[in-house]
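Open the model in your viewer and keep the sequence panel beside it. The stops below each name a selection and then say what is there.

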Amino acid sequence: VHRLRGEAIDLEQAARMAAEELIAIAGDPPRLDVVLAGAGEDGHVASLFAGCGTGPRPGQDALVAAVYDSPKPPPRRLTLTMPALSGAGLVVVAALGRSKAVAVRDALGTGGCTTPLAELLRRAKASLVLIDREAARRTLKKKRDLLRCEGDLACLVKLGKAARADLVETVAEVDEELMDLFLGEQEPTVEQLKAGIRRATL
């Protein structure tokens, strides 16, 4: 486990040390296989909040940034930046609950949403958004490619299975246990898939 030391007195130095460690582990520029991120009701991801100075300015390539004014406690923390997150082979965003629906809907829309979640999904090489039934009720109706499934359970099930198959294949590429199941044409359980994602992100 490689922890960001957000409790450090000198956050700028801690950010530089964390960036150096990331490069030593994942290359320069670092190439993370999978990023598993949560999403906030305001569309923030990691500790990238709209209006906070956590992203690199044009021409900069910071990988880890110090945050001094987080709207959620604690105000001082460290975060991976957008270049570090969006450069992953796969970005998986977990946005569960109806409170996240608006942020997800706006991020997936075409209205020029500028939240960190929207930017991450736009910049990611490949992405998957995990939502539950409550969020889906408010989100999926806005997606053009899912509109044809309105009221059609079989259609939604088909799309869900296709998305799950894509996730399994992608994680299997970086996890030996899931790769064995994939090559053996065995369907992993939910717990096996979760464990594979955890192993791939640690």
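The expected span of a helix is taken as 1.5 Å times one less than its number of residues. The model on screen is a predicted one, and the tour starts with a helix to which that rule can be applied.

**Stop 1: helix α8**

Select residues 190-201, which form helix α8. Does the rule agree or disagree with the distance between the end C-alpha atoms of this helix? For its 12 residues the expected span is 16 Å, and the end C-alpha atoms lie 17 Å apart, so the two agree.

Now colour the buried residues of α8, which are L193, G196, I197 and A200. Look down the helix axis: these buried residues fall within an arc of 95 degrees, so they line one face of α8. To see what covers them, add β1 (34-38), α6 (153-172) and α7 (176-183), which are among the covering elements.

**Stop 2: from α8 to α7**

Keep α7 and α8 displayed, and show the side chains of E177 and R199. They meet in a salt bridge, with 3.6 Å from N to O. This pair links distant parts of the chain, since E177 belongs to helix α7 and R199 to helix α8, 22 residues apart.

Are the two partners buried or partly exposed? E177 has a relative accessibility of 41% and therefore counts as partly exposed. R199 is also partly exposed, its relative accessible area being 38%.

Add D175 to the selection. D175, E177 and R199 are linked in a network of salt bridges.

**Stop 3: helix α4**

Move to residues 116-123, helix α4, and show R123 and E119. Both residues lie in this helix, four residues apart, which is about one turn. Their side chains form a salt bridge at 2.8 Å, N to O. R123 is partly exposed at a relative accessible area of 41%, and E119 is partly exposed at 28% relative accessibility.

**Stop 4: D33 and R31**

Select D33 and R31. The side chains of these two residues meet in another salt bridge, 3.6 Å from N to O. With 37% relative accessibility, D33 counts as partly exposed; R31, with a relative accessible area of 43%, is partly exposed too. How many salt bridges does the count come to? The count comes to six.

**Stop 5: helix α3**

Select residues 101-108, helix α3, and mark A101, A103, V104 and A107, which are buried. Turn the view to look along the axis of α3: the buried residues fall within an arc of 165 degrees, so they line one face of this helix.

**Stop 6: the whole protein**

Clear the selection and show everything as a cartoon. The protein has eight helices and five strands. Traced from the N terminus, the elements run α-β-β-β-α-β-α-α-β-α-α-α-α.

Switch to a surface. The protein exposes about 12100 Å², and carbon and sulfur atoms supply 53% of that area. Of its 202 residues, 38% count as buried.

A contact map makes a suitable last display. Among contacts in the protein with a separation of 6 or more, 64% are between residues 24 or more positions apart.

Technical notes: Residues numbered from 1 in each chain as written. Predicted model: local features only at pLDDT ≥ 70, side-chain atom pairs only at ≥ 80, totals over all residues. Heavy atoms only, no water. Helix = DSSP H or I, 4+ residues; strand = E, 2+ residues; numbered from the N terminus. Buried < 20%, exposed > 50% of the residue type's maximum accessible area, 1.4 Å probe, protein only. Arc of directions from axis to C-beta. Contact = heavy atoms within 4.5 Å. Areas by Shrake-Rupley, 256 points an atom, 1.4 Å probe, with all protein chains shown as cover. Salt bridge = Lys/Arg side-chain N within 4 Å of Asp/Glu carboxyl O.
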